[in-house]
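The following note collects several points for the attention of a colleague reviewing the coordinates. Please read each point alongside the display.

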Amino acid sequence: MNQSQQIWKAPPTLTVSEWADENRRLSPESSAEPGRWRTSRAEYQREIMDTVADPTIETIVIMSSAQVGKTEIINNIVGYFIDQDPAPMMVLQPTVDMAKTWSHDRLAPMVRDTPALRNLIADNKSRASSNTLFHKSFPGGHITMTGANSPTGLASRPIRVVCCDEVSRYPQSAGAEGDPVNLIRKRTTTFWNRKIILTSTPTLKGICRIEAEFEVSDQRYFNVPCPHCGDSHRLRWANVQWPDGEPAEAIMVCPKCGGVIEDKHKARMLRQGKWVAENPGGKIAGFHLNELYSPWRTFADVAEDFVEAKKNPETLKTWVNTSLGETWEESGETLNEHILAERKENYAIDAIPPEVLLLTAGADIQKDRIEVQIVGWGLDQECWVLDHQVIYGDPTQQQVWREFDEVLTATYDGYKIAGVAVDSGYLTEYVYQFTKPRSSRRVFAIKGQAGMGKPLTTKPKPVGRIRAPMYTIGVDTAKRTIYSRLKVDAGPGRIHFAVDLDDEYFLQLTAEKMVTRYRKGFPVIEFVKTRDRNEALDCLAYAYAALDNLNVKLAALAKKRNKEPEPEPTPEPASPISQPAAPQKKRTRNRRKSGFATRF
């Protein structure tokens, strides 16, 4: 078949699983069972693959554990489209290096050992080939391999079929371009018959990409019949049991009849199993699998891994993600947004409480906005959140920065903002260009540094092309103090909230959980996001850093404000006898110590 015939050939009549059973060969360097592919070896894979060829379904989500053949499902999908339904394709891995590894270790051996593919993709070492490690052409289409951390790779060309692997490990943004999954979806909009396959083991509950996609799917689970009573059920970890101290003797117990299910029953159960949608109204096809289904793992294997993993919270989290295919919910200190919202008080930015001595602000730069929080400070660092403003617009445009500057230079109920910390993590050079000429107003760029015990602020360093002063701040140090002070009911350190703050503010303020993790056996406190939006918390931390940077003595400021002016002293009459002048004491300059106070 020549190239023109290949391009115009009739639509495929095979499903993906039928194509794999007929054509696919597993390579010895990437499979423990090299040779002909057999879908019946892991029957749960059949419907997942065949759904890809269903013209009524556009998006397929696979949230699973490891060891269930997820990578080979992706390989079969890629091979099917190369041979049966040529199209522009992309395989998106978390990083460019992982894309390189998949191309070299997975795609190349599959093409070499599968006769149906061998002559369709030229060897990239051939002189006549324009193929590279990251891009392969074949009659009627091509496949690009790239990483979610590569903005140029995601913005290349229209794509009809995209396989996004390990999406929960993608960065939040591909450079400055935004969410990589959304970017790749945009590459498929011109195709009416596009296919988007999203796969991953899950990560943290609440911020896991694959969990979010699975929750809006039809949520299919693989139900298998009990070999004793025939009742169909899911294989759940809660039904795995073993004698005390003997995980090697683990078995499954039927939730209906209590019958003992052993590994010898698994093959037959899998052959007779069926996918059942628990959310049939879902917008997309979603599949969930855990390691208990794997024909390559026994119940004892999973139990022994659990016994070893539970010795350490970090390894237990990994086990939950990669063996159960479930998200991990961090145990730690959280704050309730409703309780904090009930503490709103009757003051506002234009009616500032008299206890406030000065104002600072913290700002966060986002792709489509600048968020800024204005905070008032009183004795013993008692603080009043006065306002949280969102300035919408593209921060690469000067108008947005002008509006931001107007907020910072305004007078609020007689107060001016004394210091401003602006996060430089995004659009770094723009931040430097804004803050350097305003450094005399104590408007400065900051860069967050994670980890407990870090100083709240450090000495500035000249950075960027214009050598702007930039301060490193200990964001976890600030947030830990904020979490502690949010529990204070009254007096020193209490955080107050203005009446105008909306519900979204409090959701963002409580968007992180303070958890204890273990690094090399030692406990380490970290902050983990439980939702994507946390700008309110970040901006409050930055405003706190701005106060520290000012290095002002609030008690002295209060004393100066409250001190009554002293009457002019009445001069004494001059003595008729001239007195010698008193000797003058040598005056010494009281030099202020350099550095910054870190009163945490």
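**Points on the predicted model**

1. Two cavities of 30 Å³ or more are found when the whole structure is searched. The structure is a predicted model, and every value in this note is to be read accordingly.

2. The second largest cavity has a volume of about 40 Å³. Its lining consists of Trp377, Gln381, Cys383, Ile482, Arg485, Gly493, Ile495, Leu540 and Tyr544. Helices α16 (475-485) and α18 (535-550) each contribute at least two residues to this lining.

3. What is the make-up, by class, of the lining of the second largest cavity? Six residues are nonpolar, two are polar and one is charged. The lining residues include Arg485, which counts as charged, and also Gln381 and Gly493, which count as polar.

4. Helix α2 spans residues 16-23, and within α2 the residues Val16, Ser17, Trp19, Ala20 and Asn23 are buried. These residues lie on the same side of α2, because they cover an arc of only 160 degrees around the axis. Against which elements do the buried residues of α2 pack? They pack against strand β1 (25-26) and against three helices: α3 (44-52), α4 (70-83) and α6 (115-118).

5. Strands β11, β12 and β13 form, in that order, an open sheet of three strands with antiparallel pairing. The edge strands are β11 (240-241) and β13 (260-261), each of which pairs on one side only. Strand β12 (residues 251-253) runs antiparallel to β13 and is joined to β13 by two bridges. Val253 stands opposite Val260, the latter being in β13.

6. Trp319 belongs to helix α12, which covers residues 313-322. Is Trp319 buried or exposed? Trp319 has a relative accessible area of 4% and is therefore buried, the cut-off for that class being under 20%.

7. The surroundings of Trp319 deserve inspection in the display. With neighbours within four places in sequence left aside, Trp319 is in contact with Trp237, Val302, Asp305, Phe306, Ala309 and Leu324. For one of these partners, Val302, the separation from Trp319 is 17 residues in sequence and 9.2 Å in space, taken from C-alpha to C-alpha. The contacts of Trp319 with Val302 and with the other listed residues rest on heavy atoms within 4.5 Å, whereas the 9.2 Å refers to the C-alpha atoms of Trp319 and Val302.

Definitions and conventions: Residues numbered from 1 in each chain as written. Predicted model: local features only at pLDDT ≥ 70, side-chain atom pairs only at ≥ 80, totals over all residues. Heavy atoms only, no water. Helix = DSSP H or I, 4+ residues; strand = E, 2+ residues; numbered from the N terminus. Buried < 20%, exposed > 50% of the residue type's maximum accessible area, 1.4 Å probe, protein only. Pairing = 2+ DSSP bridges. Arc of directions from axis to C-beta. 1 Å grid on protein atoms, 1.4 Å probe; cavity = no way out; pocket = protein on both sides within 12 Å on 5 of 7 lines; lining within 4 Å. Points joined across faces, edges and corners; volume = space filled by probe spheres on them.
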